[in-house]
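Subject: Structure handover and notes

Dear colleague,

I am passing on the structure we spoke about, with my notes below it. Please look at it first and then read on.

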Amino acid sequence: PGQIDAIVPDNATGLVKLTVRNSSGSNSVNVLVEAAVPAIFTQDQSGAGPASAQNASNASTLVTGSNPLRAGDYVSLYLTGLGATTNQGDLDWANQQPTVTIGGRPCAVSYAGRAPGYKGLDQINCQVPTGLTSDSGAQIIVYSGTRGSNVATVAVQ
């Protein structure tokens, strides 16, 4: 009763009128829709702390302190807010290519777009950079256009 989950249409931009209707009536507000505003999902759903990320290099297991990422591993990061997509080869690729940093170093993005089979869930696959020091809470940030995401963490070794 206190939350509405919705997917913003790809063609919505700028100041857009949002109307909510129920049996008690309706209410409208104006919301600003930008091309992309990335937000990383976290394991405890708070928006802080360990990211919802899987180590694609070892059977897609959750990245934790006991299952850290290593240089060269591929990580699948789950988030929302990558914006409009274009379908190419059965995948919905983000029109605006994001960048990712882990511990301040670039994580080479190989895919960014919708998580296959899930509307409203975005996925970025990137390769963990070399030169990271062992850290159970290395900061991971996604940038898209002029917007940066919340700061989450991943364990690296």
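Leaving aside its neighbours within four places in sequence, which residues is Ala-84 in contact with? In this model, which is a predicted one, Ala-84 is in contact with Asp-10, Ala-35, Trp-93, Ala-94, Asn-95 and Arg-114, once those sequence neighbours are set aside. The residue sits in the loop between strand S6 (74-80) and S7, and Ala-84 is partly exposed, with a relative accessible area of 22%. One of its partners, Ala-94, is 10 residues away in sequence, and the C-alpha atoms of Ala-84 and Ala-94 are 6.0 Å apart.

Thr-85 is placed in strand S7. Thr-85 counts as buried, because its relative accessible area is 17% and the cut-off for buried is under 20%. Not counting residues up to four places away in sequence, Thr-85 touches Asp-10, Asp-92, Trp-93, Ala-94, Asn-95 and Arg-114. For a distance along this part of the chain, the C-alpha atoms of Thr-85 and Pro-116 are separated by 12 Å, with their positions 31 residues apart in sequence.

The chain as a whole

The protein chain has 157 residues, of which 34% are buried, and its secondary structure comes to 0 helices and 15 strands. Its C-alpha atoms fill a box of roughly 55 × 35 × 30 Å along the principal axes. Of the contacts in the chain with a separation of 6 or more, 51% are between residues 24 or more positions apart.

The largest pocket

The largest pocket has a volume of about 1,100 Å³. It is lined by 40 residues, and those closest to its centre are Ala-6, Ile-7, Val-8, Pro-9 and Arg-114; Arg-114 is also among the residues that Thr-85 touches and that Ala-84 contacts. Strand S1 (14-22), strand S2 (25-33), strand S7 (85-88) and strand S8 (91-94) each give at least two residues to the lining, and the largest share, 4 residues, comes from S1. By residue type, the lining divides into 21 nonpolar, 10 polar and 9 charged residues.

The disulfide

How many disulfides does the count come to? The count comes to 1 disulfide, which joins Cys-107 to Cys-126 with an S to S distance of 2.2 Å. The pair links distant parts of the chain, since Cys-107 is in the loop between strand S10 (105-106) and strand S11 (108-114), while Cys-126 is in strand S12 (residues 122-127), 19 residues apart. The link of Cys-107 and Cys-126 is right-handed, with 90 degrees about the S-S bond, and both Cys-107 and Cys-126 are buried.

The aromatic pair

The count of aromatic pairs comes to 1. The rings of Trp-93 and Tyr-111 have their centres 4.7 Å apart and their planes at 75 degrees, so the pair is edge-to-face. Because Trp-93 lies in strand S8 and Tyr-111 in strand S11, the pair ties together parts that are 18 residues apart in sequence. Their accessibility is also worth recording: Trp-93 counts as partly exposed at 25% relative accessibility, whereas Tyr-111 is buried, with a relative accessible area of 6%. Trp-93 has appeared above already, as a residue in contact with Ala-84 and as one that Thr-85 touches.

Thr-153

Thr-153 lies in strand S15 (residues 152-156) and is buried, with a relative accessible area of 18%. Not counting residues up to four places away in sequence, Thr-153 touches Gly-49, Pro-50, Ala-51, Gly-137, Ala-138, Gln-139 and Ile-140.

Two positive phi values

Most residues other than glycine have a negative phi, so two residues may merit a look in the backbone. Gln-45 has a phi near 65 degrees, a positive value in a residue other than glycine; Gln-45 is placed in the loop between strand S3 (39-40) and strand S4 (53-55) and is exposed, with a relative accessible area of 75%. Asp-90 likewise has a positive phi, near 75 degrees; Asp-90 is placed in the loop between S7 and S8 and is exposed, with a relative accessible area of 76%.

With best wishes

Definitions and conventions:
Residues numbered from 1 in each chain as written. Predicted model: local features only at pLDDT ≥ 70, side-chain atom pairs only at ≥ 80, totals over all residues. Heavy atoms only, no water. 1 Å grid on protein atoms, 1.4 Å probe; cavity = no way out; pocket = protein on both sides within 12 Å on 5 of 7 lines; lining within 4 Å. Points joined across faces, edges and corners; volume = space filled by probe spheres on them. Nonpolar A, V, L, I, M, F, W, Y, C, P; charged D, E, K, R; others polar. Disulfide = S-S within 2.5 Å. Buried < 20%, exposed > 50% of the residue type's maximum accessible area, 1.4 Å probe, protein only. Contact = heavy atoms within 4.5 Å. Phe/Tyr/Trp six-rings, centres within 6.5 Å; stacked < 30°, edge-to-face > 60°.
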